[in-house]
Amino acid sequence: MGSDNVKVIQCLVDTRGLWPKATKTKDLENEAASAMDLLTEDEKTAVLRYYFVADARMSLASHLLKRWVVSKHAGVAWWEARLSRDANKKPIFVDAASGRQPVAFNVSHQAGLVALVAVAGYDGPGAVDVGTDVVCTSERRARDHRIVAGEGWDKFVDMHADVFGRSEGAYLKSDGLLLGASSQQQQQGAALVDAKLRAFYTLWCLREAYVKMTGEALLAPWLKDLEFRGFTAPAPGASSFTQEGQPDEQVIRDFEVVFRSERVGDANLCLRALGPDYMTCSAVRTPGRREDALGWELGPYRFLSVEEIVRHAEATMGV
């Protein structure tokens, strides 16, 4: 059966405190040498291409995560976890012997966090599609507040209309947007804007994960035809920065996905708060038999250290 022995993997790497002596991107060659040594020359070049070291750190963690999940869950040695790209330029791993993808995966990164969602062990019928996104509501808070103060909330929403569905802009402007917000947020000026921004980034995270699951980018020609309805923002998470043991109000599963005016029921999506400012979203589907993915539990993400990745890589190489 397609769902026997399936494993859903959801991991985060926090790069914000990694390699603190690397103040410039080129410093990573020395300060992150043990990690950089686990990349191909092309991957190293891709990391070192970034101007800002914070972006280079996330790129490095992203490359490590993708190779780690393939090596660990497809059961291949580190250097045998060779990635290619599908027709949509999405990274994939194809087993040379079977021609199948034993692990389907997707990564996302923002504000120092790198997220990975993968499904291993699914044998069909058909493929499994996966997508993930991570957002940080405070990364551009000063800019967002400045725009809202100068132009108004409706104008802020309209600035992003090209990437939202036909009804979503109106919903972001409506009174129903803050039904899940606290009375304090509804009464205070800056907090009111923060509550609206949290809903805005909730929608952004949901859409990004879904679109990435399909294999297409945010420039897909059908973006206007995709709508998320009836969503609310999750309550901010704990300062302990974990998704373990979250209360229900920090986990969002209840919303409608509509495509060209018809409800979509084949995708399993779960959005979770992470700390006060971050959110993650996982999206999976199995088009060949939709009930498989719909039955999978999309639980909390776990943090994975670079040291754990390096240990796994070295173990596969007999180091």
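In the predicted model, Glu256 forms a salt bridge with Arg263, in which the closest N and O atoms lie 3.7 Å apart. Glu256 is partly exposed, at 35% relative accessibility, whereas Arg263, with a relative accessible area of 58%, is exposed. A further salt bridge joins the side chains of Arg253 and Glu297, with an N to O distance of 3.4 Å. Because Arg253 belongs to the loop between β8 (251-252) and β9 (256-259), while Glu297 belongs to the loop between α10 (290-294) and β13 (302-303), this pair ties together parts of the chain that are 44 residues apart in sequence. Arg253 has a relative accessible area of 42% and is therefore partly exposed, the limit for exposed residues being over 50%; Glu297, at 56% relative accessibility, passes that limit and counts as exposed.

Asp292 forms a salt bridge with Arg289, the closest N and O atoms being 3.0 Å apart. With a relative accessible area of 8%, Asp292 falls under the 20% limit and is therefore classed as buried. Salt bridges also link Arg166, Asp225 and Arg260 in a network. The count of salt bridges comes to 17.

Asn268 is found in strand β11, which covers residues 268-274. Its relative accessibility is 13%, so Asn268 counts as buried, the limit being under 20%. The side chain of Asn268 reaches the backbone oxygen of Trp296 at a distance of 2.8 Å. When neighbours within four places in sequence are left aside, the residues in contact with Asn268 are Ser282, Ala283 and Val284, together with Ala293, Leu294, Trp296 and Leu298. In addition, the C-alpha atoms of Asn268 and Gly295 are separated by 8.2 Å, although these two residues are 27 residues apart along the chain.

Helix α3 comprises residues 41-48, and its buried residues are Glu43, Lys44, Ala46 and Val47. These residues cover an arc of only 160 degrees around the helix axis, which places them on the same side of α3. Glu41 and Asp42, by contrast, are exposed on the other side of α3. The packing partners of the buried residues of α3 are three helices, namely α1 (28-31), α2 (33-36) and α4 (53-74).

Turning to the protein chain as a whole, the secondary structure comes to 11 helices and 13 strands. The radius of gyration is 20 Å, close to the 20 Å that the globule rule gives for 319 residues, so the protein chain is as compact as a globular protein of that length. Taken along the principal axes, the box filled by the C-alpha atoms is roughly 60 × 50 × 40 Å. Of the 319 residues, 51% count as buried, and the area exposed by the protein chain is about 15100 Å², of which carbon and sulfur atoms supply 48%. Among contacts between residues at least 6 apart in sequence, 68% join residues that are at least 24 apart.

How values were computed
Residues numbered from 1 in each chain as written. Predicted model: local features only at pLDDT ≥ 70, side-chain atom pairs only at ≥ 80, totals over all residues. Heavy atoms only, no water. Buried < 20%, exposed > 50% of the residue type's maximum accessible area, 1.4 Å probe, protein only. Helix = DSSP H or I, 4+ residues; strand = E, 2+ residues; numbered from the N terminus. Arc of directions from axis to C-beta. Contact = heavy atoms within 4.5 Å. Polar contact = N/O pair within 3.5 Å; in protein donor to acceptor, adjacent residues only side chain to side chain. Salt bridge = Lys/Arg side-chain N within 4 Å of Asp/Glu carboxyl O. Rg over C-alpha atoms; globule rule 2.2 N^0.38 Å. Areas by Shrake-Rupley, 256 points an atom, 1.4 Å probe, with all protein chains shown as cover.
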